[in-house]
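Got your viewer open and your selection box ready? Let's take a short walk, one selection at a time.

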Amino acid sequence: MGVLDGQTSLVTGASRGIGKAIAIALAREGSDIALTYSTNRDPAERVANEIQQMGRKARFYQCNVADPAENDKLVDQLNDDFGTIKVVVNNAGITRDKSFMKMNREMWHDVLNVNLTGPAMVIHRLIIPMIESGGGRIINITSIVGQMGNFGQANYAAAKGGLIALTKTLAREFARKNVTVNAVAPGFIETDMTSEIPEAALKHVCDETPMGRLGKPEEVAAAVVFLASPQASFITGEVLSVNGGMYM
Ligand SMILES: NC(=O)c1ccc[n+]([C@@H]2O[C@H](COP(=O)([O-])OP(=O)(O)OC[C@H]3O[C@@H](n4cnc5c(N)ncnc54)[C@H](OP(=O)(O)O)[C@@H]3O)[C@@H](O)[C@H]2O)c1
């Protein structure tokens with residue numbers, strides 16, 4: 001028996017890293033899983049297979065969250081394969097780092113489109129059936145960078161800060177509809193995204209983190225499982241930090 005038995009969850013960007021850990025953790029608690037990827041089909045298929053071996057239903061879909069037509073297609077596929085999605089985890093995200101003076105419009109728009117507009121559009125398409133089915137959970141993966149800013153990440157900080165503002169606004173709009181809307185704000189976590197950070201900068205991150213290390217994807221996933229669970233039924237509009245104490 002898991003705390004999410006009988007639920008159906010969508011996790012965007014679950015071919016690798018934090019999204020993969022979230023999909024597996026939700027499945028371990030009993031949820032069926034729809035997962036998406038952008039370009040890496042094989043790892044997404046492997047995640048779906050791993051979940052199926054746990055005895056849960058799992059399907060994987062290609063969908064660039066920044067593309068409205070691909071979002072529409074995804075929603076149709078989800079409807080055919082799963083019916084109503086009860087837990088939406090907006091995890092897909094990208095970075096395009098440069099100091100602000102060197103950041104061009106394309107870098108700005110790419111990051112805003114994937115990390116902020118994408119989640120908003122996914123929620124917009126799934127919220128009505130979720131409400132009509134009696135309610136659900138929306139969990140947005142933001143970042144410590146959206147809380148405190150970071151040199152070279154003006155686009156990413158703006159998108160993740162915007163995602164926090166979106167979370168709080170939708171929490172207010174949907175509270176009476178039995179839909180909670182929360183965010184999880186990871187600090188620096190061991191994934192492909194942080195593998196691009198130079199070693200000296202990572203050492204600085206660890207020095208600035210009271211717990212003295214990077215986080216693991218599974219530690220972020222545990223926070224998502226909690227927010228998706230019945231135990232979190234009176235929590236909405238919250239930003240749950242998973243950052244080893246780096247920002248408090
Ligand atoms: N790692 C960290 O330290 C950290 C810290 C704070 C917040 N976060 C946030 O946590 C989330 C996951 O990060 P991560 O480190 O696990 O990233 P990651 O290892 O780079 O994985 C990113 C995932 O998102 C997918 N993706 C990328 N662009 C997409 C798009 N346009 N449409 C749909 N899916 C897309 C990727 O699919 P493909 O495999 O097909 O490319 C992949 O599944 C992101 O929102 C990130 O901003 C990460």
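Start by selecting residues 68-82 and 105-132, which are helix α3 and helix α4. The two pack at an angle of about 35 degrees, and their axes sit 10 Å apart. Keep in mind as you look around that this is a predicted model. Which hand does the crossing of α3 and α4 have? It's right-handed.

Now show side chains where the two helices meet. On the α3 side, pick Pro68, Asn71, Asp72, Val75 and Leu78; on the α4 side, pick Met121, Val122, Arg125 and Leu126. Colour that contact by class and you get 6 nonpolar, 1 polar and 2 charged residues.

Stay with Arg125 for a moment, still in helix α4. Is Arg125 buried or partly exposed? Its relative accessibility is 22%, so Arg125 counts as partly exposed, the cut-off for buried being under 20%. Setting aside neighbours within four places in sequence, Arg125 is in contact with Pro68, Asn71, Asp72 and Val75. That puts Arg125 up against four residues you already have on screen from α3.

For the next hop, draw a distance from the C-alpha of Arg125 to the C-alpha of Ala183: you should read 19 Å, for two residues that are 58 apart along the chain. Ala183 is handy as a stepping stone, as it is one of the residues in contact with Thr142.

So select Thr142 next, in the loop between β5 (136-141) and α5 (144-148). How accessible is Thr142? Its relative accessible area is 2%, so Thr142 is buried. To see what surrounds Thr142, leave out neighbours within four places in sequence and show its contacts: Lys160, Leu163, Ile164, Ala183, Val184, Ala185, Pro186 and Val239.

Last stop: the second largest pocket, with about 190 Å³ of space. To light up its lining, select Gly17, Lys20, Ala21, Ile24, Ala25, Arg28, Glu29, Pro217, Glu218, Ala221, Ala222 and Val225. Which elements give two or more residues to this lining? They are α1 (17-28) and α9 (217-228). The largest share comes from α1, with 6 residues. Switch to colouring by class once more, and the lining of this pocket divides into 7 nonpolar, 1 polar and 4 charged residues. Among the charged ones you'll find Lys20, Arg28, Glu29 and Glu218.

Note on methods. Residues numbered from 1 in each chain as written. Predicted model: local features only at pLDDT ≥ 70, side-chain atom pairs only at ≥ 80, totals over all residues. Heavy atoms only, no water. Axes fitted to C-alpha atoms, helices over the stretch in contact; angles between N-to-C directions. Left-handed = near helix turned anticlockwise from the far one by under 90°. Contact = heavy atoms within 4.5 Å. Buried < 20%, exposed > 50% of the residue type's maximum accessible area, 1.4 Å probe, protein only. 1 Å grid on protein atoms, 1.4 Å probe; cavity = no way out; pocket = protein on both sides within 12 Å on 5 of 7 lines; lining within 4 Å. Points joined across faces, edges and corners; volume = space filled by probe spheres on them.
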